[in-house]
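Here are my notes on the two-chain model you sent round. I stuck to the contact between the chains and to the enclosed space.

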Amino acid sequence: MAMAYAMDLSPPTFFLSPTSSSSSSPLRRLSSLPISTLHRHSNRKLQILCQSTAGTQPQSQSSNLSDANSKLSARSGQDRLLKVPISKVRNFSIIAHIDHGKSTLADKLLQVTGTVQNRDMKEQFLDNMDLERERGITIKLQAARMRYVYEDTPYCLNLIDTPGHVDFSYEVSRSLAACEGALLVVDASQGVEAQTLANVYLALENNLEIIPVVNKIDLPGAEPEQVLREIEEVIGLDCSKAILCSAKEGIGITEILNAIVERIPPPPETADKPFRALIFDSYYDPYRGVIVYFRVIDGKVKKGDRILFMASGKDYFADEIGVLSPNQIQVDELYAGEVGYISASIRSVADARVGDTITNFSRKAESSLPGYEEATPMVFCGLFPVDADQFPDLRDALEKLQLNDAALKFEPETSSAMGFGFRCGFLGLLHMEIVQERLEREYNLNLITTAPSVVYKVHTVNGDTTMCSNPSLLPQPGLRKSVEEPYVKIELLTPKDYIGALMELAQDRRGEFKEMKYIAENRASLLYELPLAEMVGDFFDQLKSRTKGYASMEYSVIGYRESDLIKLDILINAELVEPLSTIVHRDKAYSVGRALTQKLKELIPRQMFKVPIQACIGSKVIASEALSAIRKDVLAKCYGGDISRKKKLLKKQAAGKKRMKAIGRVDVPQEAFMAVLKLEKEVL
Amino acid sequence: MLRTTASPIFSSFTAKPRTSRLIFKAFSVLLEDTPPSARRNASTNLTTLHQGPPTSAYVHLPFCRKRCHYCDFPIIALGSSSASTTLHEEKRQEEEDDDPRITNYVNLLVREINATRTGFDANPNLKTVFFGGGTPSLVPPKLVSLVLETLSSSFGLCPDAEISMEMDPGTFGGEKLKELMELGVNRVSLGVQAFQDELLRACGRAHGVSEVYEAIEIVKSCGVGNWSMDLISSLPHQTLEMWEESLRLAIESQPSHVSVYDLQVEQGTKFGNVYTPGQSPLPSETQSAEFYKTASSMLRGAGYEHYEVSSYSKDGFKCKHNLIYWKNKPFYAFGLGSASYVGGLRFSRPRRLKEYTNYVADLENGAANWCGDGSVDLKDVATDIIMLSFRTSKGLELKEFGEAFGRRVVNSICKVYEPYVESGHIVCLDGMRREVVSDEFKKFLVGNDEVKIEDHVRYLRLRDPDGFLLSNELISLAFGVISP
């Protein structure tokens, strides 16, 4: 599987407990956005309300523009719907690490080309998050068509945004596949980060022309020369024609636009071929159905055409086609090389997934475009409502999210301890976190999440191979021949002071050292291979905390390997507690078992009898604690027959018992489950 | 559906007895498997027990020299000079006789009793009166007499009524006690608490061990045959040796009744601010359980019956007044912060003197109700009965309970208790009060409608001392059955 993963954001923790809240973290902000907007969260400032602006034609030129240059570009911006020959089209994207200035640069490009007028720009800078929520019908910038006049010739530049994130590298690769070139933006004071690397490699795989841009050269700490050396050494790009810029100060913007025209090749002339278009994004609009963003690769598409989605096999009539500039503007026709959107009353994004090929229903293309992949969930967890009454709400919310998120998988799950819930599959950890966050914040659900697990490949003695993502469904030891687990290749970029700390971390997580190299005098790259299961815990938190936030990482799944994995069971008073079962490596079973039993001892109230709490592998007890019996719980006082307070206490005690789950004869409070699940996330 | 609501038309007429207005529509609530008629025919049912006129009265006399460190009762501390008693006995006696706070309070109390117009069809005489406190023995006998006279004229007083009074060492002499006895007080509850000066000091008692011996001597010399001694276990710095000593000395002084209270550290008390239960200097939970077991075995060994969680008595000397509580029978209550149970309603009077004064005034002008407002919730009646019955050695009578609340509830309670019958915390008894062993008990639990468990197991009770020690846990399990 060629699915690559990279991480570029720094959530404070991957596993926030349901009650914890840190609204200021980038992840929180991010996770409140619909899934499809993840791709372009950093361009959030460019989001425009569709209702208010869609379809409006460019307004007459404002008279107070300052200089001739901006007048000229502004005028050309107004003409951006005019067709240009394919040889004058340039499709590009921007690759950058978070905070390296991608959105500022994109804003500047739109401004300088007059795509967005200065007056509108200010409005767009307003944070319209709340409004979006209320209306629920926003369009985010996913692509922007710009008109740029270079040496008296008008060019059409299409900026296609890429998802910024880890779990969505498939979507990144599809966005890149829709382009011929890319701007590689690196912060002049920060240097190359792991995620940048991952996306550059994806761009190179797609044969994109890459233009290195060193941004923020106006900052005091800027070291553009060293950053250029890093780009040359680490990525191997020729930096002799790299552009130094400051998007904030407007330095180097024209040079960038010129380089796009000069260096990025035009799309091939394939307008005569049968229609084929690559979907690089789609989102669900509650009023219009799914809106699909695509790049026409071959042929052309007209309004009203009957179109076929080749992977899903679904066909629709194109009710509306248009371009994104950056708001949706209707057009009649789009040709090979152009970028646009289709609205066709599509019911679910699963019918029009990223990577799918659109063709003409009556003049079908012979083959679909390469690179389509089914969404394969890599990380799983159980989601249970704290209040059992919320189960139907949870189901509804998941169904709604799925309309807009084809990668989200879920199926009902029943747990003796936690009642009814769902086992959900996610592309990765960020995806999981976002879905959990959205369920809790947007749908007001209070959830318990089990420790994330990966999908194990189990070979049974009778020769079958089954995939298993739920520890409680792992076949009995006697029926298992071997268990394989997914492995990832992980690249860590770190200042050299933290090499030791990171090696220790990777070693702890069963990492196999592959390579270390210095990418600059003071920075090193570490390459490890380790089990994905070791990454789904607090690995990223640890990485950040052990390097004071300086290290970055990227990972990609490299396949399955056999491991000595066992199922660790927890027994409370000799009763198996299924939701607490985990799959761990044999070497870690003892420490995990000890931690779990100790935590449970803290959390389970004492009972009227002694309660053993054990961690077991099969029938072998590997860790054991005991809850001593309550010796005395009596209100031996009664005055004046006033029993009201005493009764209140007893009622409270009875109500307390009701909130607990009975595991055999033992009452276990829900908090104990939650705390243990949290602990599992930490220790596994 | 579970509520029986007083008819709103009558709600402003305070003079009418509450009970006559309670309409029990919802008899069949807890019970679906028995026809309602069966229960209606039952003459005295657990659900109607509280409807009759009370024959008991609790009277709160809140005065104390000072507040003990564990005490959160509604009391009024008189703040009189401490310690040595005999020397100033007479002087103090005079002071107390004239203390306007006591006189005013008793006048108020008398007004409350007079303003209580019950309106029951029949007004049986009171069979028990309990003067609790505070320290009732601080109240001059002539004022006690006034209260008794008022009670007698309002409700009538049986000539053989049990009239108990709580008395603290150092607050009464032989003369005073004789006076009280002449007024009709025939049961003394002596607040000894401990036989160690250091412990008495540590809990802020206003007396020492020498006063304890004096008081015992006075009680005995006055010929009070029915007297009880209060002891408190699990006091700070208390050791098992001290506790055994207290128990031994208590037994040697031969009271007819002993009450053993396990210290409850209440919020807002001095102890509550300073100590954490189970942590030094309070005994650990294990030690504290040991104290309880020691009391049980020593007192039973000395011929006392452990008839309630914290009560022990010689044959024939159970506290009749307290038995009313345990049987969920109605009783009046008068005075600051006191709690009555009339017509199925529990009602607490204001705990502060000012509010209580206003309450009495309201009662007189008809603006307040003497027994509380609201409706009787059968679930509450059921939980009260469970809670109170399990405090006694008699336990819960299943047949009677089933007739009142439904056999299904009885079955559920039995099911919930099954593990604890097996572990020995709960004892099953048949109609002859012979123990039914755990295996037998399980056989009746098959859930077959034809097997009536109450025909085989008539009583459930908490085992002494293991079950009593965990009474909260066990009772709350049954509560869970009543309100799932």
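1. A polar contact here is a pair of N or O atoms within 3.5 Å, where, within protein, one must be able to donate a hydrogen and the other to accept it. Keep in mind that the model is predicted. With that rule, 14 residue pairs are in polar contact across the interface of chain A and chain B, both partners at pLDDT 80 or more. On the side of chain A that touches chain B, the residues split into 12 nonpolar, four polar and 13 charged.

2. On to the salt bridges: there are six between chain A and chain B. If you want one to look at, try R645(A) with D72(B), whose side chains meet at 2.6 Å, N to O.

3. How much area do chain A and chain B bury between them? It comes to about 3,600 Å², with 58% of that on carbon and sulfur atoms. M608(A), R631(A) and K632(A) supply 20% of what chain A buries against chain B, more than any other three residues. In terms of contacts, 29 residues of chain A touch 44 residues of chain B.

4. Now the enclosed space. The count is eight cavities of 30 Å³ or more, and the largest holds about 810 Å³. Its lining has 49 residues, and F73(B), E166(B), Q193(B), D230(B) and Y261(B) are the closest to the centre.

5. As for what lines that largest cavity, β7(B) gives the largest share, five residues. Elements of chain B that each supply at least two residues include β5 (126-133), β6 (157-167) and α12 (320-326). By class, the lining has 21 nonpolar, 18 polar and 10 charged residues.

Note on methods: Residues are numbered from 1 along each chain as its sequence is written. Chains are lettered from A and ligands numbered from 1 in the order in which they are written. This is a predicted model: local features need pLDDT of at least 70, side-chain atom pairs count only at pLDDT 80 or more; totals for chains, interfaces and linings use all residues. Side-chain values use heavy atoms; hydrogens and water are left out. Contact means heavy atoms within 4.5 Å. Buried area is the accessible area (1.4 Å probe) that two parts lose on being put together, summed over both. A salt bridge is a side-chain nitrogen of Lys or Arg within 4 Å of a carboxyl oxygen of Asp or Glu. A polar contact is a pair of N or O atoms within 3.5 Å; within protein, one must be able to donate a hydrogen and the other to accept it, and residues adjacent in sequence count only if both atoms are side-chain atoms. Ala, Val, Leu, Ile, Met, Phe, Trp, Tyr, Cys and Pro count as nonpolar, Asp, Glu, Lys and Arg as charged, and the others, Gly among them, as polar. On a 1 Å grid over the protein atoms alone, a cavity is a set of points where a 1.4 Å probe fits but cannot get out, and a pocket is an open set with protein on both sides within 12 Å along at least five of seven lines; lining residues have an atom within 4 Å of a point. Grid points are joined across faces, edges and corners, and a volume is the space filled by probe spheres set on the points. Helices (H or I, at least four residues) and strands (E, at least two) are DSSP runs, numbered from the N terminus.
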